[in-house]
Amino acid sequence: MVSFTLTEDQQALTETLRRYAVNDVRPVAHDADEDSKLPQAVVQKGWELGLIPAVIPEELGGFGDPLSAVTGALAAEELAYGDLSLALAVLSPALFAYPLLLYGTAEQRENLLPLFLEETPAPVTAALLEPGIFFDAHELQTTATHEGDKVRLNGTKAYVPLAAESHWMLVYARSSETGVVEAYLVEDSVAGVQVESREKLMGIRALPTYRINFNDATVDAACKLGGVVGMDYPALLNRQRVALAALAVGVARASFEYARDYAKQRVQFGKPIAQNQAIAFMLAESAIEIDAARLMTWEAAWKLDRGEEATREAVLAKQYADKAVLFVTDNGVQTLGGYGFIREYPAERWLRNGRGFPAFAGLAMV
Amino acid sequence: MTIDFEIPEFIQQQQAMVEYIAQATMRPYSRELDENEHARPTAFIDQIWPILKEQQKATLRKLTETPDPNKPKRPSTTYLRLMLLVEMLSWGDAGIYLCLPSAALGGSAIEAVGTPEQKIRFLTRFAEGDKPVWGAMAMTEPGAGSDTSAIQTSARYDEATDEWVLNGEKIFCTSGGLALEESDGLVIVWATVDRSAGRGGMKPFVVEAGTPGVKVVKAEIKHGIRASDTVAISFQDARIPADNILGSSEVQTGAGNKGFKGAMATFDASRPLVAAGALGVGRAALEFLKEKLTESGIEIPYGTPYHKLTAIQRDVMEMEADLKAAYLLTLRAIAMLDEKLNNSLEASMAKVKAGKVVTRVTQKAVELLGPMGYSREWLAEKWMRDGKINSLYEGTDQINTLVVARRILEYSRNELS
């Protein structure tokens, strides 16, 4: 039955997250970007919202809610409405937790899921993206070579969030024998894992991301996610596409609402600039693109939750959201005129953050 | 409730039947009717009339009977069904679809504001008989397009005979000829009872076929949807019974202005349905394009990174994404209608998006199909001409963008015009 109504739980969750985004994240977002530094207290508060413990099974001490991509998309949008860097930081434990939850062996789950029930954010991350201009998630350059009960990892990863402070990371690599992409649960103490210096990006400047080198980094074969069965890699790629699309919608909405309110207040030629069709139409088109991108994201998420093949929907939603967020955040800067270019105002930050989405892969997960 | 995109089983079954009708009675005649403008799609009309007649009968029964309070209330799917019906029929042929023998927009107005007596008097004809009957809506005039408040057609009450006397000219009336000259149909005519009152004086009147002084004066020749009957109608001292007015005859202004508000409220239902029509044409073009590309060995590999896609693959994916965006915006506006929520904003969003998307998708299909896209041998060029109407009627893209802008900015028409 067609419906666009959130469940009561989803309604309550989005309201909580919106309050956090507005009251806790917004006030610190500007300085966090300028200082390239995550405000730990706010990240901690984000962790305490309990998004991840909610989906850890009860027998392991969690709340046992089903992992829902729709709920995840709703949450991601609200968090990104606050700030993209902080949203990515708060959601980063999911990059490790959700694949583990979905595909981990009983032993892997029992050993590692308790990490997500601690009082501080789990020190984990995931490494998918690789440097260079031609990234293809299905043709990873990082390789995994099985030798007996050991696996050697070789290659370079990029855009790995919070890598320097992570004790565990999920590393995606292509089997040098079969060409199949697998994921490996790797501890930071493993020899041959070299976290390089922090990356310098156009946006998401508050979020520390790193390049990582793997030089014959050797782990037990038992570290392969899901053991012999492995994982459903296409489904995981779709889960991250949906997450990124939802985050893009959140960034776009932040920019749009600010521009809308500004245009109603800013007076030129004796009236608010919003009373000119040139401005009003720009805002109207932004509003339409935001809603369209959100609906596409929801549809892809809904398919994922039904366990259906959702590649087409997830790819199109991500592609659409990539374009929408750029269109909307650019309109946001344009609406503010010269002030749009001044860093005291948030519009240019949203444009810098929004521009990143086509490049992002593996940075978030629902 | 929860977020859900599932189309109920019984509607999916309806879709299969409608697709069959489209394949059998629309597609084979698409080209012929496009080349012979003003010819009638008789195969389609004959096939669909008995079905519509039964549906109209059921609708009429619901409209006139008192609802049983003990009957469990199921969520309505009336508009969802209608949306997908319109989408599929437009996929078949947008021009032929518009010749659907039904009360159409005229019916919506009567259903919305008519008295029980009026509903029976005016709508029964659409629910019985061997011959198809059409309804139509006449709003636009040469000097009143988007600005409906500029309507000049007048209605004067004649106390001596207890009649309304209509004078003026209406244009761009869809199925007006079918309603007035080729069936025992009717047209809802918007006229002013007091020109000085602006919107407050605007009232809808029911004009039945055979009314003296009412004449179809021109059948337009058009860019696309050529199978659709688009006419100009003149009214010269056309006399209709006093109780053929829909709603009150009082001149109303401000919040009490139900006449104009009534007209605007019908847009909340009609705009998403126009959007649905746009989606059908867009899907027809995209499906055909993909079919031809497949024949040439070109598939669309979702999930392949951008740098590995060809320009054609990128174009097709963008067309698909745009069409999906328009579909979902339409689905939302429709779901809100079924839930009886105010959807003016969402209806205009869907309409403007779908209009733009069908325009772009069909133009792109013509381009990508090369010399064959431009050829009248295939239907691609026709779909491009047909698709364009969706950016124009039921409010141009610009008017609908203006509606969206006013809503999001919380501006009145005086603050943003």
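In which helix of chain B is Glu346(B) found? In this predicted model, Glu346(B) belongs to helix H11 of chain B. Is this charged residue buried or exposed? Glu346(B) has 26 C-beta neighbours inside 10 Å and therefore counts as buried, the cut-off for that class being 20 or more. Once neighbours within four places in sequence are set aside, the contacts of Glu346(B) are Arg332(B), Ala333(B) and Met336(B). Pro272(B) offers a view across the chain: 74 residues separate Pro272(B) from Glu346(B) in sequence, yet their C-alpha atoms are 8.5 Å apart in space.

Helix H11 (344-368) also takes part in the meeting of the two chains, as one of the elements that give two or more residues to the side of chain B that touches chain A. In total, 35 residues of chain B are in contact with 36 residues of chain A. Besides H11(B), the elements giving two or more residues on the chain B side are helix H10 (311-338) and helix H14 (397-409). With 10 residues, H10(B) gives the most to this side. By residue class, the chain B side divides into 23 nonpolar, 4 polar and 8 charged.

Elsewhere in chain B, helix H4 covers residues 78-92. Its 15 residues should span 21 Å at 1.5 Å a residue, and the C-alpha atoms at its ends are indeed 21 Å apart, so expectation and model agree. Of these 15 residues, 12 are buried, which means that H4(B) is largely enclosed by the rest of the structure. Among the buried residues are Tyr79(B) and Leu80(B), together with the run Met83(B), Leu84(B), Leu85(B), Val86(B), Glu87(B), Met88(B), Leu89(B), Ser90(B), Trp91(B) and Gly92(B).

Turning to chain A, helix H1 (residues 8-35) packs against helix H3 (residues 69-82) at an angle of about 20°, and the two axes are 7 Å apart. H1(A) is therefore roughly parallel to H3(A), since the angle falls under the 35 degrees that bounds this class. The crossing of the pair is right-handed. From H1(A), the residues in the contact include Leu13(A), Leu17(A), Tyr20(A), Ala21(A), Val25(A) and Ala29(A), as well as Arg18(A) and Arg26(A). H3(A) meets them with Thr71(A), Leu74(A), Ala75(A), Glu78(A), Leu79(A), Tyr81(A) and Gly82(A). Taken together, the residues of this helix contact divide into 11 nonpolar, 4 polar and 3 charged.

Definitions and conventions: Residues numbered from 1 in each chain as written. Chains lettered and ligands numbered in written order. Predicted model: local features only at pLDDT ≥ 70, side-chain atom pairs only at ≥ 80, totals over all residues. Helix = DSSP H or I, 4+ residues; strand = E, 2+ residues; numbered from the N terminus. Expected span 1.5 Å × (residues − 1). Axes fitted to C-alpha atoms, helices over the stretch in contact; angles between N-to-C directions. Parallel < 35°, antiparallel > 145°, perpendicular 65-115°, else oblique. Left-handed = near helix turned anticlockwise from the far one by under 90°. Contact = placed C-beta atoms within 7 Å. Nonpolar A, V, L, I, M, F, W, Y, C, P; charged D, E, K, R; others polar.
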